[in-house]
Amino acid sequence: MKVRLLLGVLLAFLLILAGCNKETYTAQHKKEKTKEGKVKIVEEKSYTLVDSITHDHVLSYSAVIKNESDKTLNVNDTTIKYVNKTGKVIDPQISPNDPDVHLAPYILKPGEEGYISAEGIINKEPDTYDVKVKINPIKPASHVKSLKVKEDAINQEKENHILHITGTATNNTKQSIEYILVGAAVYGKHDEFIGTTFQSEEAQLTPGKSISFDSTSSQIPDKELAKVKTYKVVASTYQE
């Protein structure tokens, strides 16, 4: 009788221990999975404005995102929707596959930041709206290469309401490259985030060669452009 009781207690203890280990493993697995694919929106800003040339109503969105995982991730599968107060998409012209959504760089190493610039035309200025951003990070098939930036500067083309961040990008890799992506974030006097600029450029560059770039934005209102004081800019390319 005592032997049966002892065996029963031991079996119950082993079952409880197995259950605890399973819960611990599951929780740890979920935590690791979340960490592997975590991309955070660090800064974001959206504006409504009227294009000075076409006079279209435009919604623009800018963001700084950061790869907080321990894996290099491709964030090119990022979708943006503008929705009204009922949650419906404001205008059919702004869709999840909007070609006017730009990311640079779109492959982020652990701890690295990237810049989003997006804009879309609507029929009229909305009374209220919200921005829904969905980032689907995946393990990349190619590798990002950061390029050396020098002689960079910021200036404004006030008559056309365009912000420029210019400079040169040097191929400091050991391979020839075929194109570059340039992304930048601009900030105000008190480091408040104002917006982003973007440029993609075909560039047949052998190792050591340089090319000029001009990363721009025409989707930041004049009153916000007047606040711009500082910026961060990165240039990159991708190799299989």
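This note covers model confidence, strand pairing around β2, and the setting of Thr173.

1. This is a predicted model: local features need pLDDT of at least 70, side-chain atom pairs count only at pLDDT 80 or more, and totals for chains, interfaces and linings use all residues. Numbering starts from 1 along each chain as its sequence is written, and side-chain values use heavy atoms, without hydrogens or water.

2. Confidence first. The chain has an average pLDDT (the predictor's confidence in each residue, from 0 to 100) of 80, and 79% of the residues score at least 70. Residues 1-18 stay under 50 and have zero contacts (heavy atoms within 4.5 Å) beyond four places in sequence. Over residues 20-36 the pLDDT is also below 50, with seven contacts beyond near neighbours in sequence.

3. Strand β2 (a DSSP run of E, at least two residues, numbered from the N terminus) spans residues 57-67. Nine of its eleven residues are buried (under 20% relative accessible area, 1.4 Å probe, protein chains only), so β2 is largely enclosed by the rest of the structure.

4. β2 pairs (at least two DSSP bridges) with β1 (residues 39-50), antiparallel, over eleven bridges. Tyr47 stands opposite Ser60. Six residues separate the two strands of this hairpin, and His55 in the turn has a positive phi of about 65°.

5. β2 also pairs with β7 (residues 113-122), antiparallel, over ten bridges. Here Leu59 stands opposite Gly120.

6. Thr173 sits in the loop between β10 (162-170) and β11 (177-187). Its relative accessible area is 14%, so Thr173 is buried. Leaving aside neighbours within four places in sequence, Thr173 contacts Lys145, Leu147, Pro207 and Gln239.

Notes: Helix = DSSP H or I, 4+ residues; strand = E, 2+ residues; numbered from the N terminus. Buried < 20%, exposed > 50% of the residue type's maximum accessible area, 1.4 Å probe, protein only.
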